[in-house]
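Open the model in a viewer and keep the selection panel at hand. The stops below go from one helix to the whole chain, and then to single residues.

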Amino acid sequence: MKALVHEKIEGIQGLSLKDIKTNNLGKNDVRIKIKTIGLNHRDLATIESHKNISEPLITGSDGAGIISEIGSEVSLFKVGDEVIINPSIGWTTKSEAPPEKFQILGNPLQGTFSEEFVSNEQFIALKPKYLTWEEAGVLSLSALTAYRALFTKGEVSSLQTILIPGIGGGVATYMLQFAKAVGAKVYVTSRSKEKLEEALNLGADKVIDSHKDWETELDGEKVDIVIESVGAATFNQSLKQLKKGGIMVLFGSSTGDKVEFNLREFFYGQYTLKGTTMGSKDEYEEMLRFIETHSIKPIIDSVYDIENYEMAFNRLNNAEQMGKIVLRIK
Ligand SMILES: NC(=O)c1ccc[n+]([C@@H]2O[C@H](COP(=O)([O-])OP(=O)(O)OC[C@H]3O[C@@H](n4cnc5c(N)ncnc54)[C@H](OP(=O)(O)O)[C@@H]3O)[C@@H](O)[C@H]2O)c1
């Protein structure tokens with residue numbers, strides 16, 4: 001089968017479409033003929049860090065397709081079922097942090113960007129019927145992360161105001177949709193005028209140019225929760241917009257892992273900083289019920305055939321996207 005493999009060279013240049021052997025099927029496994037896959041910022045981080053490692057890595061965490069074969073003890077699915085893959089492996093029950101055995105598809109585990117993918121039946125779900133293949137293929141990783149960040153960690157409700165920096169991001173667009181679905185007030189930032197306009201169309205209550213001073217733009221109004229994923233470039237501006245006693249939930253650091261911030265202002269402000277990553281199977285199922293209840297569809301930025309993976313990765317690398325980028329396998 002064909003797979004998008006990363007090896008030897010750091011970054012996009014180390015990617016190539018290769019013919020590789022298909023995996024054997026275990027008794028609790030299903031074989032999925034993949035139709036669509038979704039890009040995540042994580043895929044970029046993976047191909048930057050996966051160097052000097054001799055073993056080629058199939059990239060990718062997201063995917064949707066049709067079951068073509070089942071193992072002898074599979075009881076939840078049958079051949080022909082349309083499914084989506086949950087990349088959060090080994091984390092079943094909702095908990096404060098994942099268990100030690102938790103791993104993510106696409107690094108270190110072999111990923112989904114291939115014509116076929118073999119998964120344990122525990123880590124797939126039926127594709128929501130109202131979603132197209134493109135929408136289903138980009139759902140799992142970002143929507144799960146968004147769901148846990150907002151609801152499990154942030155405990156967002158209709159009475160709160162949320163700030164989401166970097167609204168062009170895949171996870172950020174889900175957070176805007178989810179927070180609006182529960183009636184929260186949502187403020188967003190972006191470096192792009194077009195993305196801010198799109199955010200207004202999606203229901204954002206206020207939009208801020210990321211390059212400006214956010215405090216001035218908000219007229220001094222403070223928010224209950226900030227969900228940060230941009231990292232060093234926005235961390236301090238984000239913290240500054242919190243109400244005293246407010247919560248910052250953090251799950252990404254696209255622009256750098258290290259920040260300096262004022263400890264005295266932090267403890268006088270009585271802020272809470274919460275880290276999060278992905279989510280459990282419980283939360284994955286909650287998220288699927290949530291999007292169906294609210295008829296939420298992923299925001300698709302663009303669709304490429306897998307042969308054009310370089311264009312897709314470059315678009316993500318240049319942060320040109322608003323929402324999710326799809327790769328299609330014919
Ligand atoms: N821990 C986890 O489980 C988990 C899961 C998913 C994602 N993540 C992390 O969360 C982050 C977002 O992921 P994603 O897939 O949604 O990413 P993405 O689609 O690549 O979006 C990142 C967004 O960050 C904003 N941004 C980038 N550079 C910026 C800068 N210099 N100043 C201001 N804003 C900037 C951009 O927004 P604008 O273009 O609107 O300015 C961009 O669209 C990544 O770091 C990713 O690795 C972590």
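## Stop 1: helix 4

Select helix 4 (170-181): its twelve residues reach 17 Å from first C-alpha to last, close to the 16 Å expected at 1.5 Å a residue. The expected span is 1.5 Å times one less than the number of residues. Helices (H or I, at least four residues) and strands (E, at least two) are DSSP runs, numbered from the N terminus.

This is a predicted model: local features need pLDDT of at least 70, side-chain atom pairs count only at pLDDT 80 or more, and totals for chains, interfaces and linings use all residues. Residues are numbered from 1 along each chain as its sequence is written.

Is helix 4 enclosed by the rest of the structure or open? Ten of its twelve residues are buried, so helix 4 is largely enclosed by the rest of the structure. A residue is buried if 20 or more other C-beta atoms lie within 10 Å of its own, exposed if 12 or fewer, and partly exposed in between, with C-beta atoms placed from the backbone. To show the buried set, select G170, V171, A172, T173, Y174, M175, L176, Q177, F178 and A179.

Now add the elements against which these buried residues pack: helix 3, strand 11 (161-164), strand 12 (185-190), helix 5 (193-201), strand 14 (223-228) and strand 18 (324-328). Packing here rests on contacts, and two residues are in contact if their C-beta atoms, placed from the backbone, lie within 7 Å. Past the end of helix 4, stop at G183, which has a positive phi near 90°.

## Stop 2: the ligand

Select the ligand and its shell. Which residues are closest to the ligand? They are G166, G168, G169, S190 and G252, out of 33 that surround it. A residue is counted as near a molecule if its C-beta atom, placed from the backbone, lies within 6 Å of it. Helix 1 (41-49), helix 3 (140-153) and helix 4 are the elements that each give two or more residues to this shell.

Colour the shell by class to see eleven nonpolar, 19 polar and three charged residues. Ala, Val, Leu, Ile, Met, Phe, Trp, Tyr, Cys and Pro count as nonpolar, Asp, Glu, Lys and Arg as charged, and the others, Gly among them, as polar.

## Stop 3: the two domains

Colour domain 1 (2-139 + 298-328) and domain 2 (144-275) separately; the bounds come from an automatic or database domain assignment. Their C-alpha centres lie 28 Å apart. At the interface, ten residues of domain 1 are in contact with nine of domain 2. The domain 1 side of that interface has three nonpolar, five polar and two charged residues. Return to the ligand with this colouring on: both domains give residues to its shell, so the ligand lies between them.

## Stop 4: the whole chain

Zoom out to the full chain, which has ten helices and 18 strands. Its C-alpha atoms fill a box of roughly 60 × 40 × 40 Å along the principal axes. The radius of gyration is 20 Å, which agrees with the value near 20 Å for a compact globule of 330 residues; it is taken over C-alpha atoms, and the globule rule is 2.2 Å times the number of residues to the power 0.38. Of the 330 residues, 47% count as buried. Among contacts with a separation of 6 or more, 69% join residues 24 or more positions apart.

## Stop 5: backbone exceptions

Most residues other than glycine have a negative phi, and most peptide bonds are trans. Three places to select depart from this.

- N107 to P108: the peptide bond is cis, with omega near 10°. P108 is in the loop between strand 8 (103-104) and strand 9 (116-120).
- K8: its phi is positive, about 65°, although it is not a glycine. K8 is in the loop between strand 1 (2-6) and strand 2 (15-19), and counts as partly exposed with 13 C-beta neighbours inside 10 Å.
- Q270: here phi is positive at about 50°, again in a residue that is not a glycine. Q270 is in the loop between helix 8 (263-268) and strand 16 (272-275), and is exposed, with 11 other C-beta atoms within 10 Å.

## Stop 6: two loop residues

Select E7, in the loop between strand 1 and strand 2. Leaving aside neighbours within four places in sequence, E7 is in contact with G14 and P56. The C-alpha atoms of E7 and K51 are separated by 6.9 Å, at 44 residues apart along the chain.

End at D213, in the loop between strand 13 (206-209) and helix 6 (214-217). D213 is exposed, with 11 other C-beta atoms within 10 Å. Q237 is 24 residues from D213 in sequence and 7.9 Å from it in space, C-alpha to C-alpha.
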